[in-house]
Amino acid sequence: MLSVEIDPGSGFCGGVIRAISKAEDSLAQGTRLYSLGAIVHNDAELSRLHKQGLVTVHSLDEVPEGGTVLIRAHGEPPSTYAEASARHLTVIDCSCPVVLQLQQRIRDAYARIHAQGVHGRIIIFGQVGHAEVLGLVGQVNGDALVVENSQMLEEAMPHLDFSQPIEIFSQTTKSPREYKLICDMLQARGARLTVHNTICGQVSSRHEKLVQFAESHDIIIFVTGKESSNGKILSALCRSVNPRTYVIGRINEIDPAWFREGDRVGICGATSTPKWALEAVARNIEKLDYAKN
């Protein structure tokens, strides 16, 4: 027999819950609502919301003049708000409060390191092209260095002036372990470095608990959308401690051959994975076990 357990820490983060709740409220009132980018990186949840009438667009040009646009939890640069105002769009701002605080901290740091003739550098540890990172870089008109990993930082080192102050920030959903490695590399070069702890507390605390969860199960089924940056990080973390970690986006991707008699099955997901999807996967695996026996 298989025993199946859902990770209690998995499911939508607070920012995503807030954005989806606001979207559903607007749709229930009959609003024609346009989401600037996917409101969540999960195909099943997107499909559910699209059936309620949510339209995903990739540019404000796709929103009719005077229409209503939703800013998702990832946040946006100031230029987006300016364009929306110029086109008389109603904005439902669902930017995560943690992201908004990070945007303000970057603006403050930029002003600080460019005051009185100082020519410092802002570094952002994050995924190049990610919506949140684009919003962060937009706070300083693109004048920030984005590094995804230690290799990118190593390549950028010759172009950094270590005699000037450097302030570093992290995308809110990145790995605390990788962020520390990046900061340690800069400090080893004698950088005048100010490190800002900007990884979301909910995300940061999950790493240690998720390691424990993955270690305490024989097999891990990690449910996430293919576009989820957080899903890639957390599923890799699971696999680092439990090689029998399988990543799926939908129930039909489950392979019965993965399971062994007596397995303790752990089911977990990204901050963009809804609880209902985890529960559906659990029920499916329990049915597989029943059919097998």
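This is a short walk through the structure, one selection at a time.

Before you start, note that this is a predicted model, where local features need pLDDT of at least 70, side-chain atom pairs count only at pLDDT 80 or more, and totals for chains, interfaces and linings use all residues. Residues are numbered from 1 along each chain as its sequence is written, and side-chain values use heavy atoms, with hydrogens and water left out.

**Stop 1: a network of salt bridges**

Select Glu24, Glu45 and Arg48, which are linked in a network of salt bridges. A salt bridge here is a side-chain nitrogen of Lys or Arg within 4 Å of a carboxyl oxygen of Asp or Glu. The structure holds ten of them.

Look first at Glu24 and Arg48, whose closest N and O atoms are 2.8 Å apart. Glu24 sits in helix H1 and Arg48 in helix H2 (residues 43–51), so this pair ties together parts that are 24 residues apart in sequence. Helices are DSSP runs of H or I with at least four residues, strands are runs of E with at least two, and both are numbered from the N terminus.

Now turn to Glu45, which forms a salt bridge with Arg48 with the closest N and O atoms 2.7 Å apart. Glu45 and Arg48 are both in helix H2, three residues apart, about one turn of the helix. Is Glu45 buried or exposed? Glu45 is buried, at 1% relative accessible area, while Arg48 is partly exposed at 28%. For these words, buried is under 20% relative accessible area, exposed is over 50% and partly exposed is in between (1.4 Å probe, protein chains only).

**Stop 2: two loops joined**

Next, select Arg87 and Glu65, a salt bridge with its closest N and O atoms 3.9 Å apart. Arg87 belongs to the loop between H3 and E5, and Glu65 to the loop between strand E3 (55–57) and strand E4 (68–71), so the pair ties together parts that are 22 residues apart in sequence. Arg87 counts as buried at 18% relative accessibility, whereas Glu65 is exposed at 53%.

Stay in the loop between helix H3 (78–86) and strand E5 (90–93) and pick His88. Its phi is near 60 degrees, a positive value in a residue other than glycine. His88 counts as exposed, at 56% relative accessibility.

**Stop 3: a buried glutamate**

Move to Glu132 in helix H5. Which side chain of opposite charge is nearest to Glu132? That is Arg72, 10 Å away, and the buried Glu132 has no salt bridge. (Lys and Arg count as positive and Asp and Glu as negative; His and the chain ends are not counted.)

Show Thr172 as well: its side chain and that of Glu132 are joined by a polar contact of 2.8 Å. Such a contact is a pair of N or O atoms within 3.5 Å; within protein, one must be able to donate a hydrogen and the other to accept it, and residues adjacent in sequence count only if both atoms are side-chain atoms.

**Stop 4: a meeting of distant residues**

Finish at Leu278 in helix H10 (residues 275–292). Leu278 is buried, with a relative accessible area of 0%. Add Gly11: the two C-alpha atoms are separated by 7.9 Å, though the residues are 267 apart along the chain. Leaving aside neighbours within four places in sequence, Leu278 is in contact (heavy atoms within 4.5 Å) with residues including Ile6, Ser10, Gly11 and Val223.
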